[in-house]
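Thanks, everyone. Let me put the model up and walk you through it.

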Amino acid sequence: MSMIEQKIVPHLWFNQEAKEAAQFYTSIFPNSKITNITTIHDTPSGDSDTVSFNLAGYSFMAINGGPHFHFNPSISFFVNFDPSRDENARGNLDQLWEKLSQGGTPLMPLQEYPFSKRYGWIQDKYGLTWQLILTNPDGEERPFIVPSLMYVQDVCGKAEEASDFYLSVFNESRRGSIARYPAGMEPDKEGTLMFTDFMLEKQWFAAMDSAQSHTYKFNEAISLLVQCENQAEIDYYWEKLSSDPKAEQCGWLKDKYGVSWQIWPEVMSEMMANGTNEQMDRLTKAFLKMKKFDIEKLKEAFNGN
């Protein structure tokens, strides 16, 4: 049985600031820590730090991959402040907003909205976006951090179909709430999703459609990394999710909605955390050649066989 609590880990692509950003986030979120830093040598973008960190019990990974991709609001992170769980929820929300605002840009000002007594959407100094919300304590509890996917441009109107698709692919999955745009909210079409949340592998995600004229869409800056126990799982997710052969590289793929995923063997994290420089170099050479990861070949390379 796998020890992993969180099967799907958001993966953040930085130019060179992965370590600095992880230090910043772990300093401003409660109960947070950096769990591992590994440097991989001789990648196409030179030496590259990979950083694993934990914010309030939620796992992230980050990499210094060079200037190829930039964060945008199509994938953001809800941070749920629940007054029934935290008597200082509002004060803590304001404090985190204040820290994320340093060098950042508000996308929706921190104020009262019809759906929340206190909510704001902020782009931090690294470009990552966070939706801080005072949650309504009625109804089912949600975790503190929930990744949120916004379907825009050519995939606007697909949030429901996409979330149905993910629910069909992953285990321990179900839909939570769903709210549709009413008539008269142009350019958003009546019936498309104003908001939904859903559980995959016991983890919550959110999704919404937005027909506003956004200049961005899903890209590789934020991918969802699926930790797999064995080759059968890697094969399964690869086959289900990949829709663009050109995007298949080093365990990465793109689904039919443009979201990037990484189908990642759990054993890779162990090898990267514990490998010698020689083992890491052999492992890196092996995986840079692969599209879908082959666990046996990775192990052979690592062990020098």
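Start with a hairpin-like pairing of neighbours in the numbering, strands S3 and S4. S3 covers residues 46-55 and S4 covers residues 58-64; the two run antiparallel and are joined by six bridges. One pair to pick out: Phe53 has Phe60 in S4 as its bridge partner. Helix H1, residues 18-28, packs on this sheet. H1 touches S1 (8-14), S2, S3 and S4, and its direction makes about 10° with that of S3.

A word of caution before going on. This is a predicted model.

Now the whole sheet. It is open, with seven strands in the order S2-S3-S4-S1-S13-S15-S14, and the pairing is mixed. Which strands are at the edges? They are S2 (33-43) and S14 (252-254), each pairing on one side only. From one strand to the next, the twist averages 25°.

A further helix meets this sheet. H5, residues 266-274, lies across S2, S3, S13 (222-228) and S15 (260-265). H5 runs at about 70° to S15.

Stay by H1 for a moment. In the loop between H1 and S2 sits Asn31. Asn31 is not a glycine, yet its phi is positive, about 45°. As a general rule, most residues other than glycine have a negative phi.

On to the other sheet. Eight strands here, again an open sheet with mixed pairing. The order is S6-S7-S8-S5-S9-S12-S11-S10. S6 (105-113) and S10 (174-180) stand at the edges with a single partner strand each, so one side of each has no neighbour in the sheet. The twist averages 20° from one strand to the next.

Look at S9 and S12. S9 is residues 145-151, S12 is residues 203-209, and the two run parallel with four bridges between them. Met150 stands opposite Met208 in S12. Helix H3, residues 159-169, packs on the sheet there. H3 touches S9, S10, S11 (193-200) and S12, and its direction makes about 5° with that of S11.

Helix H2, residues 89-101, lies across S5 (75-81), S6, S7 (116-123) and S8 (129-134). H2 runs at about 15° to S7.

One backbone detail on this side. The peptide bond from Glu186 to Pro187 is cis, with omega near 5°. Pro187 is in the loop between S10 and S11. In general, most peptide bonds are trans.

Next, empty space. How much space lies in the largest pocket? About 1,100 Å³. Its lining takes in 41 residues, and Phe78, Phe115, Ile133, Met194 and Phe195 lie nearest the centre. Which strands contribute to that lining? S5, S6, S7, S8, S9, S10, S11 and S12 each supply at least two residues. Those are the strands of the eight-stranded sheet. By class, the lining of this pocket has 23 nonpolar, ten polar and eight charged residues.

Then the cavity. Searching the whole structure at 30 Å³ or more finds one. About 40 Å³ of space lies in it. The lining is His70, Phe71, Asn72, Ser74, Ile75, Asn219, Ala221 and Ile222. Ile75 belongs to the S5 range, 75-81, and Ile222 to the S13 range, 222-228. That lining splits into four nonpolar and four polar residues, with no charged ones.

Last, the record. UniProt, in an unreviewed entry, lists "domain: PhnB-like" for residues 6-133 and 145-263. Take the stretch 145-263. In the model, the chain there is 18% helix and 36% strand. Its end C-alpha atoms are 22 Å apart.

To recap: a seven-stranded open sheet, an eight-stranded open sheet, and a pocket of about 1,100 Å³ lined from the strands S5 to S12. Questions, please.

Note on methods: Residues are numbered from 1 along each chain as its sequence is written. This is a predicted model: local features need pLDDT of at least 70, side-chain atom pairs count only at pLDDT 80 or more; totals for chains, interfaces and linings use all residues. Side-chain values use heavy atoms; hydrogens and water are left out. UniProt positions are given in the numbering used here, feature names are shortened, and annotations may be inferred rather than shown by experiment. On a 1 Å grid over the protein atoms alone, a cavity is a set of points where a 1.4 Å probe fits but cannot get out, and a pocket is an open set with protein on both sides within 12 Å along at least five of seven lines; lining residues have an atom within 4 Å of a point. Grid points are joined across faces, edges and corners, and a volume is the space filled by probe spheres set on the points. Ala, Val, Leu, Ile, Met, Phe, Trp, Tyr, Cys and Pro count as nonpolar, Asp, Glu, Lys and Arg as charged, and the others, Gly among them, as polar. Two strands pair if DSSP finds at least two bridges between them. Axes are lines fitted to C-alpha atoms, for helices over the stretch in contact, and angles run from 0 to 180 degrees between N-to-C directions. Contact means heavy atoms within 4.5 Å.
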